[in-house]
Amino acid sequence: MRKGHLSTHTVAIFLFGLGLIVLLNSCYSSKKENKGGSKTQIQTVSKSPPKVPEAALPPYMADGRKVYRQVCLTCHQANGKGVSGLNPPLTQTDYVLGDKNRLLEIIIKGSEANLKDNTSEYANVMQGYGMLGDKEIANVASFIRNSFGNKAEPITVEEVTSFRSANKK
Amino acid sequence: MSKTSHKLFDLRAKWLFFFIVILLFSGCKEKQENSVKEPVLKISPDNEGIIVPDGFGVMKVADSLGAPRHIAVNSKGGVYLKLRKPIDGEGIIYLEDEDGDGIADSKKGFADYGGTGMYLDKNYLYASSDEEIFRYKLNAEGEVTEPNSPDTLVTKLVSYRTHATKSFTMDGDGNIYVNIGAYSNACQETDRTLGSPGVMPCAILDSAGGIWQFRSDKFKQSYGEGKRYATGLRNVVGLDWNYKLNKLVVTQHGRDQLNTLYPDLYDMETSAKLPAETMYIINEGDDAGWPYIYYDQFQNKKILSPEYGGDGKKTAGENAIDPIATFPAHMAPNDLLFYTGDMFPEEYKNGAFIAFHGSWNRAPEKQKGFLVAFVPFNDGKPSGEWQIFADGFAGIEEVYSPSEANHRPTGLAQGPDGSLYVSDDAGGTLFRIVYNKK
């Protein structure tokens, strides 16, 4: 009888302890989730751009993406974020989203045109891509202005043509 | 009798319950307060997400450190970190662990310049900006005594945007070996430009693209006072003196962009895999062949660079030295350390740890690196293939862009007890790896 009484107590304490251990575990795991949470979210956003039906996309997006993959992606990366210390990002920056002619100048003449100084945070130079056609330049410029979370007015072929004729040597 | 014992039991149960609650509470808190009596290293239960071999443990010494590059640990376990950019005017951080649990308790800063290089001997702390090398006097405790008046040992080294960092090491005999990285990818007339030919001979090599030797007891030395010790090295970030060999050993960052610059010769996949990242034993006067060649680790040959007429097959550089170890392309070996401690198992003794910063130039392929590698050494030569020692710094399974990585290994240092410290310039964290198998 006495033994049985004791074991009931033991069981009760054991259960209580177990409950608290579960609580403790949840305390730890919630901490972990908090740690990684924000980073994971950013990845999800950057990896799966909002799915818009193909037909709804203006043609410069598909054509610009092709040019981007060929000549820009290695340095500026698939997510447009560049490489810390080496290649500048294309996301939320004035040189991509601001004045169209400034962006065209960088694409056509290379980064030295606008970013030349030893204090730049980014080590690598970018060559000019003046060998690309006006349409390709318009497409890729419009693509980067509307990718990686960017949103800005596209650049037209006419704007590229007139930039080039105004900047002829 | 039974009643008394019941009461007694109740009391005991209450105490036990109380005790459990207190235990739980302390478990939930970030820091345990009861570490006063026995200093026990606070190894993370999950090793901070870092994957290490069986018997090793990882702890986070400190975080939110900005962008720490190379690091050094003094005889009492204090850690100096060189920051890429100063924070609030402080480019060197000194961390101390007062209670012996391994977690930094105090943080001091000094030196108003950014940079990468750092080295410590018995009497001085040495640190580099992108143009200079300074030294700071230490007291018997290994602490910098006059943080505001260092001696300038080396000055006016070339520094442009590309490969500007000045990593260095010393040989215990009063000589400094500093990397002056080539301010170019492959010495094209116009850097990183489609169709631009290689300059012949490459003029950059006069003042960069190699290792220069200076004295540690002379002030304000520049090119005139130093010596070009080795040439043909594109950019060396990891270098260490191997006391078994009594020679300098370096790890080089191989060239980029074979596909973007020569799309007809190299497809994207080949470009992601070439060339090898290389480790060299350096003798005075050596030439490692940059920019005229690169090392192809699949053909095991020095291949003529496309800028100089190469096609991916033609060999060249007969007089250039061969690497003693090769690693997958673009992983960016950012520090090298020969392990001389007693804490780790015997097979690690005198072997090489390499901090790989992680690649960017493999895009659109998956990136690689973000790890600490180990190369076993015997009689001063690699005695086996390289292996991954510590992995998982990126914090995600697949990295497509280095901006996604949580941590990027950058600097290595050995503690007085034989611990291995790893700095991370992306997440601003300092890790410490210990061997704790009972």
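In the next few minutes I will go through two parts of this predicted model, a run of strands in chain B and a helix packing in chain A.

Let me begin with chain B, and with strand E7, which covers residues 124-128. Of its 5 residues, 4 are buried, so strand E7 of chain B is largely enclosed by the rest of the structure. On one side in the pairing we have strand E6 of chain B, residues 118-120, which runs antiparallel to E7(B) and is joined to it by 3 bridges. These two strands, E6(B) and E7(B), form a hairpin with 3 residues between them, and if you want a pair to look for on the screen, Leu120(B) has Leu125(B) in E7(B) as its bridge partner.

Moving on along the chain, E7(B) also pairs with strand E8 of chain B, residues 133-137, again antiparallel, and here there are 5 bridges. A hairpin is formed here too, with 4 residues linking E7(B) to E8(B). Within this pairing, Tyr124(B) is partnered by Lys137(B) in E8(B), while Leu125(B), the residue we have just met as the partner of Leu120(B), has Tyr136(B) as its bridge partner in E8(B).

Is E8(B), for its part, enclosed or open? In E8(B) 4 of the 5 residues are buried, and therefore this strand, too, is largely enclosed by the rest of the structure. E8(B) is then joined by 3 bridges to strand E9 of chain B, residues 151-154, and the two run antiparallel; in that pairing Ile133(B) stands opposite Val154(B) of E9(B).

Those last two residues lead us to the interior, since Ile133(B) and Val154(B) are both in contact with Val178(B). Setting aside neighbours within four places in sequence, the other contacts of Val178(B) are Lys166(B), Phe168(B), Ile211(B), Trp212(B) and Phe214(B). Val178(B) is, together with Tyr80(B) and Tyr421(B), among the residues with the most contacts inside the largest nonpolar core, which has 114 residues. Apart from that core lies another, of 22 residues, which includes Leu90(A), Ala138(A), Ala141(A) and Phe148(A).

That brings me to chain A, whose secondary structure comes to 7 helices and 0 strands. Of its 169 residues, 26% are buried, and among the contacts in chain A with a separation of 6 or more, 55% are between residues 24 or more positions apart.

The packing I would like to show you is the one between helix H6 of chain A, residues 134-145, and helix H7 of chain A, residues 157-166, whose axes lie 8 Å apart at an angle of about 115°. The crossing of H6(A) and H7(A) is right-handed. Which residues of H6(A) and H7(A) meet? From H6(A) they are Asp134(A), Lys135(A), Ile137(A) and Ala138(A), and from H7(A) they are Val157(A), Val160(A), Thr161(A) and Arg164(A). By character, the residues of this contact between H6(A) and H7(A) divide into 4 nonpolar, 1 polar and 3 charged. One of the residues in H6(A) that meet H7(A), Ala138(A), is also listed in the core of 22 residues.

Definitions and conventions. Residues are numbered from 1 along each chain as its sequence is written. Chains are lettered from A and ligands numbered from 1 in the order in which they are written. This is a predicted model: local features need pLDDT of at least 70, side-chain atom pairs count only at pLDDT 80 or more; totals for chains, interfaces and linings use all residues. A residue is buried if 20 or more other C-beta atoms lie within 10 Å of its own, exposed if 12 or fewer, and partly exposed in between; C-beta atoms are placed from the backbone. Two strands pair if DSSP finds at least two bridges between them. A nonpolar core is a set of buried Ala, Val, Leu, Ile, Met, Phe, Trp, Tyr and Cys residues joined through C-beta atoms within 7 Å. Two residues are in contact if their C-beta atoms, placed from the backbone, lie within 7 Å. Axes are lines fitted to C-alpha atoms, for helices over the stretch in contact, and angles run from 0 to 180 degrees between N-to-C directions. A crossing is left-handed if the near helix is turned anticlockwise from the far one by less than a right angle, and right-handed if clockwise. Ala, Val, Leu, Ile, Met, Phe, Trp, Tyr, Cys and Pro count as nonpolar, Asp, Glu, Lys and Arg as charged, and the others, Gly among them, as polar.
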